[in-house]
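Me: I would like to learn how to read a protein structure that holds a ligand. Could we go through it together, feature by feature?

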Amino acid sequence: MSEDFGELVGPLDPAMIVVTTAARDERAGCLVGFHAQCSIDPPRYVVWLSKANHTYRVVLHAGHFAVHLLTEDDADVAEHFGTQSGDDVDKFAGIDWDAGPDGVPLLRRLPHRLVLRKHTVLDDGSDHLCLVGVPVAVQGAGSFPPLRLSSVVHLDAGHRAEERPVPATERRADG
Ligand SMILES: Cc1cc2nc3c(=O)[nH]c(=O)nc-3n(C[C@H](O)[C@H](O)[C@H](O)COP(=O)(O)O)c2cc1C
C-alpha cells in the first residue's frame with residue numbers, strides 16, 4: 001500500500017520551497033515539498049511541516065511565516081535548509097536575511113517569496129502539521145524554472161518524520 005502510494009504521487013514532482021519563521025527571538029527554517037495554493041478569493045497558501053522539525057516547534061508560537069520558492073540554481077540552499085536541523089546549528093549564521101513581520105527571516109538569496117500571516121493550524125494526528133497562511137506580501141513575482149523534488153530527493157533530511165518526539169511539541173530528549 002505505502003509503496004503504491006509513493007509510486008503514484010512521486011511523478012507529481014513538486015516544486016521545492018524553504019519555509020522560515022520566528023518566535024520568541026528564535027529563528028527557524030526548513031526545506032519543504034508539501035505545499036500549495038489552497039484558496040483563490042481570499043488568497044490562501046498551505047504548507048505541511050514535519051512534527052520532527054525544529055521549524056515546526058517554532059512555528060507553533062509564530063504569528064507569521066515565509067514561503068521562499070526555489071529555482072534550479074538554488075540546490076545548495078535546499079541542501080543547507082533540508083539536511084541540517086536548527087536543533088543542532090544556527091542555519092541563519094552567515095546568511096543574508098531581512099526581518100519581516102514578527103521577525104520572520106526573509107532570505108535575500110531567495111527573492112521569489114510569500115510572507116504569510118498564520119491563519120489556521122490543523123493537526124490531523126499525522127506526522128505533519130497543516131499550516132494555512134494569508135499572504136501579507138508577495139515578492140519577486142515572475143516565471144522561473146523551479147527546483148523540483150526529483151533534483152533533491154537524494155538529500156538526507158535533517159530530521160526524518162519518524163524521529164518526532166512524543167508529544168511532538170517537546171524538544172528532543174538530548175536537545
Ligand atoms: C527532499 C526533501 C523534502 C522535504 N519535505 C519536507 C516537507 O514537506 N515538510 C517538512 O516539514 N520537512 C520536509 N523535509 C525535511 C526538512 O527540510 C529537514 O528535516 C530539515 O533538516 C529540518 O530542519 P529543522 O529541524 O531546522 O526544521 C524535506 C527534506 C527533504 C530532503
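Me: How many residues surround the ligand, and which are the closest?

Reply: Happy to start there, and please keep in mind that this is a predicted model. A residue counts as part of the surroundings if one of its heavy atoms lies within 4 Å of the ligand. Here, 27 residues surround the ligand. The closest are Leu 31, Ser 50, Thr 55, Gln 84 and Gly 86.

Me: Which helices and strands each supply at least two residues of that shell?

Reply: There are strands and helices on the list: strand 2 (26-32) and strand 4 (44-50), together with helix 2 (54-59), helix 3 (75-83) and helix 4 (149-152). Strand 2 gives the most, with four residues.

Me: What classes of residue make up the shell around the ligand?

Reply: By class, twelve are nonpolar, 14 are polar and one is charged.

Me: Which residue has a polar side-chain atom 2.7 Å from an oxygen atom of the ligand?

Reply: For a polar contact, look for a pair of N or O atoms within 3.5 Å. Ser 85 has a polar side-chain atom at 2.7 Å from a ligand oxygen. Lys 91 also places a polar side-chain atom 2.9 Å from an oxygen atom of the ligand. With Gly 82 the backbone takes part: one of its N or O atoms lies 3.1 Å from a ligand oxygen.

Me: How much of the ligand's accessible area does the protein cover?

Reply: On its own, the ligand has 640 Å² of accessible area, and the protein covers 93% of that. The space taken by the ligand is also the largest pocket.

Me: Now away from the ligand: how many salt bridges does a search of the whole structure find?

Reply: To spot one, look for a side-chain nitrogen of Lys or Arg within 4 Å of a carboxyl oxygen of Asp or Glu. The search finds seven. One of them joins Arg 109 and Asp 74, whose closest N and O atoms are 3.4 Å apart. This pair links distant parts of the chain, 35 residues apart. Arg 109 is in the loop between strand 7 (105-107) and strand 8 (113-122), while Asp 74 is in the loop between strand 5 (64-69) and helix 3.

Me: And the backbone: where is the cis peptide bond?

Reply: Check the omega angle: the bond joining Asp 41 and Pro 42 is cis, with omega about 10 degrees. Pro 42 belongs to the loop between strand 3 (35-39) and strand 4.

Me: What is the phi of Asp 13?

Reply: Asp 13 has a positive phi, about 45 degrees, although it is not a glycine. You will find Asp 13 in the loop between helix 1 (2-9) and strand 1 (17-23).

Conventions:
Residues are numbered from 1 along each chain as its sequence is written. This is a predicted model: local features need pLDDT of at least 70, side-chain atom pairs count only at pLDDT 80 or more; totals for chains, interfaces and linings use all residues. Side-chain values use heavy atoms; hydrogens and water are left out. A polar contact is a pair of N or O atoms within 3.5 Å; within protein, one must be able to donate a hydrogen and the other to accept it, and residues adjacent in sequence count only if both atoms are side-chain atoms. Accessible areas come from the Shrake-Rupley method with a 1.4 Å probe; for residues, only the protein chains shown count as cover. On a 1 Å grid over the protein atoms alone, a cavity is a set of points where a 1.4 Å probe fits but cannot get out, and a pocket is an open set with protein on both sides within 12 Å along at least five of seven lines; lining residues have an atom within 4 Å of a point. A molecule sits in a cavity or pocket if more than half of its atoms lie within 2 Å of its grid points. Ala, Val, Leu, Ile, Met, Phe, Trp, Tyr, Cys and Pro count as nonpolar, Asp, Glu, Lys and Arg as charged, and the others, Gly among them, as polar.
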